[in-house]
Amino acid sequence: MAGELPFEKPLKDLRDKIEELKKLSEGSGIDFSEEITRLEERCKQLQQELYNELTPAQKMHFARHHQRPTSLDFIQEVFTDFIELHGDRLFADDLAIVGGIAKLNGMPVTVVGHQRGKDTKDNIARFFGSPHPEGLRKALRLMQQANKFGRPIVTFIDTKGAYPGNTAEERGISESIARNLREMAGFGVPIVCVVIGEGGSGGALALGVGNRVLMLENAIYSAISPNGAAAILWKDSGRADEAASVMKITASDLAEFNVIEEIIPEPQGGAHRDYTAQSELIREALWRHVQELMQMSPEQLIQDRYEKFRRIGQYQDCGEPLTAEPGPSQEQTEEAVKAEALDAAGDDSGIEGAETAAESAPVQ
């Protein structure tokens, strides 16, 4: 097995035991077929129990798995004739964002995505998939080109968030995120976004304003990473698993909240187990949604996108506008302050001092 996570260890141990018995049987000539069959049945049962009941924290670890397919992996598998385009025409080429022109079942499309590295050196070059402003401007340049020539847009979302360092702040990361949100909202071509790993914070949202937002089964999508949330709530980023369990960041949670339109299933054990099978599932979902959206006019696509985001969350109209109740008068406030001071005094002997304190206390 490739890159087992800690909670998969019992399954790995069982599979190792099966392989050991098979080799022993071949080498010694002793028939262990009955024992192997029994262990294989147990292995199948354990797989079902393990992967059908994943916790949010376990899904977070799947989404961050170092062997999980990246945007470039899916681009190569899902599309044909991909031509990568570089640079934002203003500052530099940010390797944390990849994009270009490709064909989806023969239809020209523009595809853009976050790109994590495959090893330490690649991760450093790509800032671990966290874009600088020039990366988001590159994405916007490619999407504007797609809008000009009437090509559907596909985005792959996979980032912990925009780059948090000084260089990103100096070059205007907040403005670049806001500009992408505004511009994507007004494009008159179909936009389908797919969260393939971790969708975190503004860096993810900058590629996430689509007519349809899809998620892989074990992906996560949130306004802040679980590590960041844990650091703020408990001053301990090590409690990320605990934060993930309460943040409602899984695909099933977000489908319930109307944040996403579809959950794309993953091969058992995660997308990293079978790149080809996962890519086929993504291609089918993309083609279905793009074909549906292509039936709409540019005006209808913009309206559809607007309504999609208006449907997120719930609210209740109570009918009558709320009116503020009159607050306490100054006399009532003074009496309340005096009462609190008397109560703090505790007994009659302190009443005089308490009254003095109450009179000198400022009225809130």
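In this predicted model, arginine 137 and aspartate 88 are both buried. Their side chains meet in a salt bridge, with an N to O distance of 3.4 Å. Arginine 137 belongs to helix H6 (residues 133-149) and aspartate 88 to the loop between strand E1 (80-84) and strand E2 (97-104), so this contact ties together parts that lie 49 residues apart in sequence. The points below cover salt bridges, aromatic contacts, burial and pockets.

**Salt bridges**

- The count of salt bridges in the model comes to 18.
- Aspartate 93 and lysine 138 also meet through their side chains in a salt bridge, at 2.6 Å from N to O. This pair likewise links distant parts of the chain, since aspartate 93 is in the loop between E1 and E2 and lysine 138 is in helix H6, 45 residues apart.
- The two partners of that bridge fall into separate accessibility classes: aspartate 93 has 30% relative accessibility and counts as partly exposed, whereas lysine 138 has 1% and counts as buried.
- A salt bridge within helix H8 joins glutamate 175 to arginine 179, whose closest N and O atoms are 2.7 Å apart. Because these residues are four positions apart in helix H8, about one helical turn separates them.
- Both ends of the H8 bridge count as partly exposed, glutamate 175 at 38% relative accessibility and arginine 179 at 36%.
- A network of salt bridges links Arg64, Lys160 and Glu198.

**Aromatic contacts and a charge over a ring**

- Four aromatic pairs are present in the structure. In the pair of tyrosine 51 and phenylalanine 62, the ring centres are 6.2 Å apart and the planes stand at 45°, so the arrangement is tilted.
- Tyrosine 51 lies in helix H2 (residues 33-51) and phenylalanine 62 in helix H3 (residues 56-63), so the pair ties together parts that are 11 residues apart in sequence.
- Both rings belong to buried residues: tyrosine 51 has a relative accessibility of 10%, and phenylalanine 62 has one of 0%.
- One aromatic cluster is formed by Phe74, Phe79 and Phe156.
- Lysine 308 is placed over the face of phenylalanine 309, at 5.1 Å from the ring centre.

**Burial of helix H4 and histidine 132**

- Helix H4 (residues 71-78) is largely enclosed by the rest of the structure, because six of its eight residues are buried.
- The buried residues of H4 are Ser71, Leu72, Asp73, Phe74, Ile75 and Val78. Of these, Phe74 is also a member of the aromatic cluster with Phe79 and Phe156.
- Histidine 132 is located in the loop between helix H5 (120-125) and H6. With a relative accessibility of 2%, histidine 132 counts as buried.
- Although histidine 132 and glutamate 169 are 37 residues apart along the chain, their C-alpha atoms are separated by 8.6 Å.

**Largest pocket**

- The space in the largest pocket amounts to about 270 Å³.
- Its lining consists of 15 residues, and those that lie nearest the centre are Arg64, Arg116, Asn123, Phe128 and Lys160. Arg64 and Lys160 also take part in the salt-bridge network that includes Glu198.
- By residue class, the lining of the largest pocket comprises seven charged, six polar and two nonpolar residues.

**Second largest pocket**

- The second largest pocket holds about 170 Å³ of space.
- Residues from several stretches of the chain line the second largest pocket: Ser130, Lys160, Gly161, Ala162, Tyr163, Pro164, Ile173, Ser174, Ile177, Ser201, Gly202 and Gly203. Lys160 is also among the residues nearest the centre of the largest pocket.
- Helix H8 (173-185) and helix H9 (201-205) each contribute at least two residues to the lining of the second largest pocket.
- The lining of the second largest pocket divides into six polar, five nonpolar and one charged residue.

Key:
Residues numbered from 1 in each chain as written. Predicted model: local features only at pLDDT ≥ 70, side-chain atom pairs only at ≥ 80, totals over all residues. Heavy atoms only, no water. 1 Å grid on protein atoms, 1.4 Å probe; cavity = no way out; pocket = protein on both sides within 12 Å on 5 of 7 lines; lining within 4 Å. Points joined across faces, edges and corners; volume = space filled by probe spheres on them. Nonpolar A, V, L, I, M, F, W, Y, C, P; charged D, E, K, R; others polar. Salt bridge = Lys/Arg side-chain N within 4 Å of Asp/Glu carboxyl O. Buried < 20%, exposed > 50% of the residue type's maximum accessible area, 1.4 Å probe, protein only. Phe/Tyr/Trp six-rings, centres within 6.5 Å; stacked < 30°, edge-to-face > 60°. Lys NZ or Arg CZ within 6 Å of the ring centre and 35° of its normal.
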